[in-house]
Amino acid sequence: MDYINSMKGYQKFYQIPDSILEKAASAENKVKDVFKKIDEIKEYNQIKVIDAFRHNRIGEIHFHGSTGYGYNDRGRDALEMLYARVFSTEDALVRQGITTGTHAIAIVLFGCLRPGDLLLSVTGKPYDNLEEVIGIRKSAENAGSLKDFGISYEQIELKKDGAPDYNAIRDAMSRKPKMVFIQRSKGYTRRPALSVSEIGKIVNTVKEVNKDSIVFVDNCYGEFTDILEPTEAGADVMAGSLIKNPGGGLAPSGGYIVGTSRIVEMAAARYNVPGLGKETGCTLGDPRLLFQGLYMAPHVVAESLKGMVFTAAILEGYGFETYPKYSDERNDIIQSMYFHSKEQLIAFCQGIQAGSAVDSFATPYPWAMPGYDSEVIMAAGAFVQGSSLELSMDAPVKEPYTGYIQGGLTYENVKLAIMVSLKKMQDENLL
Ligand SMILES: *Cc1c(COP(=O)(O)O)cnc(C)c1O
């Protein structure tokens, strides 16, 4: 069969059979309008980011790191002003020393909350790693969690359809929570990721009753999926990881916090120490990658979103259930896929690894991981360890055989890896 040039490479270098290439072509046909919407958001955000560079007069001088105390580190300070501009906040803390997204979130929690305060999650149970931070998991006893410091915690579940329960939120405000916590991404649950306008509605509901409650958004996986960010809809503070969306696949590590001056100051006092706050913290070798990563981020997030839309469309073409569906609105970069058997799930995951540029020669197998009640299989061929803006997949090996996939620095690599996975399933008579 003859293909247009764009399909020939998959055939020549990876021996993707005609049947799969045809399904890919028909999936791409279906998603044209969805891609167009993603491109519109990408363009808006790219210009927004370039303007923020211009506004802050970013120059080559900012790309050289500092040592020791890092006093007057012009690059570090400029990077933080850049983040504040992009996310429309008064201030930002952006540091390579923030080890994970969980760390960034914990800095805000510990920075703002004091003994006797109430933390209220309005999007149900937060991301797994935060359970130990808050102190709602047994293993967290006396480990220095919020609970150990006398900070109480309550959560309001999302409604059955995944929407926030505005009435319950309004009622809970009578207990005067110091902080209201919102997780934007669906994480690894089956509910829609929250849109920025929905987050805005939560902010209004909270502030109508208690304008002093701090609204804090865990923005992991959400950055640049829309033209507005939660802080532009009234959230007081937001945090995330630089090895996800805003690092553009280039940042080697780090996390960010953006918000009002007062909150960022309190967070900096916790990240560093009271009194020093944002003033110290050297950037060592290569802060350039944090700048360049932010510059690339709108583009890379769009590549990854297109990859996930393609994944949903082609799998739907093979009769698999997916969530979200290819045509659904997206507010994060995670895609769930429902396989019919353990063998399908494993073969698919191994294909993702084989279709990566890095560590393509490794084969992932299910293994018992602490904290999970079943074996887990993971694929990640990443330039930056654990980066999930790069194509990666994880799945607990148990019914209903759900695979979670996210990221992709280039659309083409996602498309390739998905087809390698389908070929592997076909070769093993699983398709
Ligand atoms: C990734 C993520 C985090 C933070 O995870 P880390 O692995 O600590 O970076 C927090 N919340 C959500 C919803 C996430 O997706």
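These questions and answers walk through a predicted model of a protein chain with a ligand.

Me: How many helices and strands are there in the protein chain?
Reply: Start with the whole fold of the 431 residues. Both kinds of element occur in the protein chain. The count is 12 helices and 13 strands.

Me: What is the radius of gyration of the protein chain, next to what the globule rule gives?
Reply: The globule rule gives 22 Å for 431 residues. The chain comes close to that, so it is as compact as a globular protein of that length. Its C-alpha atoms fill a box of roughly 65 × 50 × 40 Å along the principal axes. The radius of gyration is 22 Å.

Me: What percentage of the residues of the protein chain count as buried?
Reply: A residue counts as buried under 20% relative accessible area. The chain as a whole exposes about 18,600 Å², with 52% of that supplied by carbon and sulfur atoms. Of its 431 residues, the buried share is 56%.

Me: Which helix gives the largest share of the shell around the ligand?
Reply: The residues around the ligand include T100, G101, T102, I105 and Y127. By class, the shell has 4 nonpolar, 5 polar and 2 charged residues. The largest share, 3 residues, comes from residues 101-112, helix α5.

Me: Which residue has a polar side-chain atom 2.6 Å from a nitrogen atom of the ligand?
Reply: Two side chains have a polar atom by a ligand oxygen: T102 at 2.5 Å and K244 at 3.0 Å. The protein covers 90% of the 380 Å² of accessible area that the ligand has on its own. At the nitrogen atom, the residue is D218.

Me: Is D332 buried or exposed?
Reply: D332 sits in the loop between β8 (321-323) and β9 (334-338). Its relative accessible area is 1%. The cut-off for buried is under 20%. So D332 is buried.

Me: Which side chain joins that of D332 in a polar contact of 2.5 Å?
Reply: D332 touches S185, K186, G187, A193, Y221, T225 and L305, leaving aside residues up to four places away in sequence. A polar atom of its side chain also lies 3.3 Å from the backbone nitrogen of I334. The side chain in the 2.5 Å contact belongs to K186.

Me: Which residue around the ligand does D332 also touch?
Reply: The residues around the ligand include D218, C220, Y221 and K244. Among the residues that D332 touches are K186, T225 and Y221. The residue found in both lists is Y221.

Conventions:
Residues numbered from 1 in each chain as written. Predicted model: local features only at pLDDT ≥ 70, side-chain atom pairs only at ≥ 80, totals over all residues. Heavy atoms only, no water. Near = heavy atom within 4 Å. Polar contact = N/O pair within 3.5 Å; in protein donor to acceptor, adjacent residues only side chain to side chain. Areas by Shrake-Rupley, 256 points an atom, 1.4 Å probe, with all protein chains shown as cover. Helix = DSSP H or I, 4+ residues; strand = E, 2+ residues; numbered from the N terminus. Nonpolar A, V, L, I, M, F, W, Y, C, P; charged D, E, K, R; others polar. Rg over C-alpha atoms; globule rule 2.2 N^0.38 Å. Buried < 20%, exposed > 50% of the residue type's maximum accessible area, 1.4 Å probe, protein only. Contact = heavy atoms within 4.5 Å.
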